[in-house]
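Here is a friendly walk through one protein model, meant to be read with the viewer open. Please take a look at the chain before reading on.

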Amino acid sequence: MSTVRDKQKEKYVLMTKTDKENLQNKKLTIPMILSCLATCESVISKNAYLEKKWSNYYVCANQTASVEYKVKRLEWMAYREKLRSLLLPIYPMKMIIQMTKSCTCKATQKEVENVIRLIEKNDYMLV
């Protein structure tokens with residue numbers, strides 16, 4: 001009998017071996033960027049939920065427990081914008097959003113951070 005968690009794991013496939021090899025060779029592909037965007041969306045969504053959940057719980061006199069979730073959410077929103085900026089010359093924003101939502105392949109957070117580092121250093125080739 002499969003659980004809900006098992007079904008959620010089946011829904012997404014991690015990056016393929018080819019994508020991982022391309023990442024090591026500093027080559028970015030459109031499917032790889034889309035899988036990174038799918039990861040960004042889930043991290044942003046999770047942190048927005050946790051930010052709202054802990055917004056009324058005060059750690060100090062004027063600081064809520066939600067601050068760390070807000071910082072992480074904003075960081076990943078910046079990652080999302082950097083990834084989208086690579087696709088904007090090729091696709092309109094509406095299509096990028098649709099492709100991201102329909103993407104079934106997700107990158108790990110570490111892989112997304114590696115891609116972002118390559119983008120920030122401008123040390124990549126889009127293939």
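Which residue forms a salt bridge with Glu51? The partner is Arg73, and the closest N and O atoms of the two are 2.6 Å apart. A salt bridge here is a side-chain nitrogen of Lys or Arg within 4 Å of a carboxyl oxygen of Asp or Glu. Glu51 sits in helix 3 and Arg73 in helix 4, so this pair ties together parts that are 22 residues apart in sequence.

Before going further, a word on the model. It is predicted, so local features need pLDDT of at least 70 and side-chain atom pairs count only at pLDDT 80 or more, while totals for chains, interfaces and linings use all residues. Residues are numbered from 1 along each chain as its sequence is written, and side-chain values use heavy atoms, with hydrogens and water left out.

**The overall layout**

The protein chain has 6 helices and 4 strands. Helices (H or I, at least four residues) and strands (E, at least two) are DSSP runs, numbered from the N terminus. Followed along the sequence, the pattern reads α-β-α-β-α-α-α-β-α-β. Of the 127 residues, 35% are buried; buried means under 20% relative accessible area, exposed over 50%, and partly exposed in between (1.4 Å probe, protein chains only). The chain exposes about 8,600 Å², and carbon and sulfur atoms supply 54% of that area. Accessible areas come from the Shrake-Rupley method with a 1.4 Å probe, and for residues only the protein chains shown count as cover.

Contacts (heavy atoms within 4.5 Å) give another view of the fold. Among those between residues at least 6 apart in sequence, 78% join residues at least 24 apart.

**The nonpolar core**

In soluble globular proteins, nonpolar side chains tend to be buried together. A nonpolar core is a set of buried Ala, Val, Leu, Ile, Met, Phe, Trp, Tyr and Cys residues joined through side-chain atoms within 4.5 Å. The largest one in this model has 27 residues, of which Leu28, Leu83, Val112 and Val115 touch the most other members. Helix 3 (30–53), helix 4 (67–87), helix 5 (93–102) and helix 6 each supply at least two residues of this core. Helix 3 gives the most, with 9 residues.

Val112 is a good place to zoom in. It belongs to helix 6 (residues 109–121) and is buried, with a relative accessible area of 0%. Leaving aside neighbours within four places in sequence, Val112 is in contact with Cys36, Thr39, Cys40, Trp76, Tyr79 and Ala107. Thr39 is 73 residues away from Val112 in sequence, yet their C-alpha atoms are 7.7 Å apart in space. With the same neighbours within four places set aside, Val115 is in contact with Leu23, Leu28, Met32, Cys36 and Leu83.

**Helix 2 and its two sides**

Which residues of helix 2 (residues 17–24) are buried? They are Asp19, Asn22 and Leu23. Seen down the helix axis, these buried residues fall within an arc of 100 degrees, so they line one face of the helix; the arc is that of the directions from the helix axis to the C-beta atoms. The buried residues of helix 2 pack against strand 2 (27–28), helix 3 and helix 6. On the face turned away from the buried side are the exposed residues Lys17 and Gln24. Just after helix 2, Lys26 takes a positive phi of about 65 degrees.

**Back to the salt bridges**

The structure holds 6 salt bridges, including the three in this table.

| Pair | Closest N to O distance |
|---|---|
| Glu51 and Arg73 | 2.6 Å |
| Arg80 and Glu41 | 3.2 Å |
| Arg84 and Glu81 | 3.6 Å |

Glu51 counts as buried at 16% relative accessibility, and Arg73 is likewise buried at 16%. Arg80 is buried at 13%, whereas its partner Glu41 is partly exposed at 28%. Arg84 is buried with a relative accessible area of 12%, while Glu81 is partly exposed at 40%. Arg84 and Glu81 are 3 residues apart in helix 4, which puts about one helical turn between them. Finally, Glu41, Arg80, Glu81 and Arg84 are linked in a network of salt bridges.
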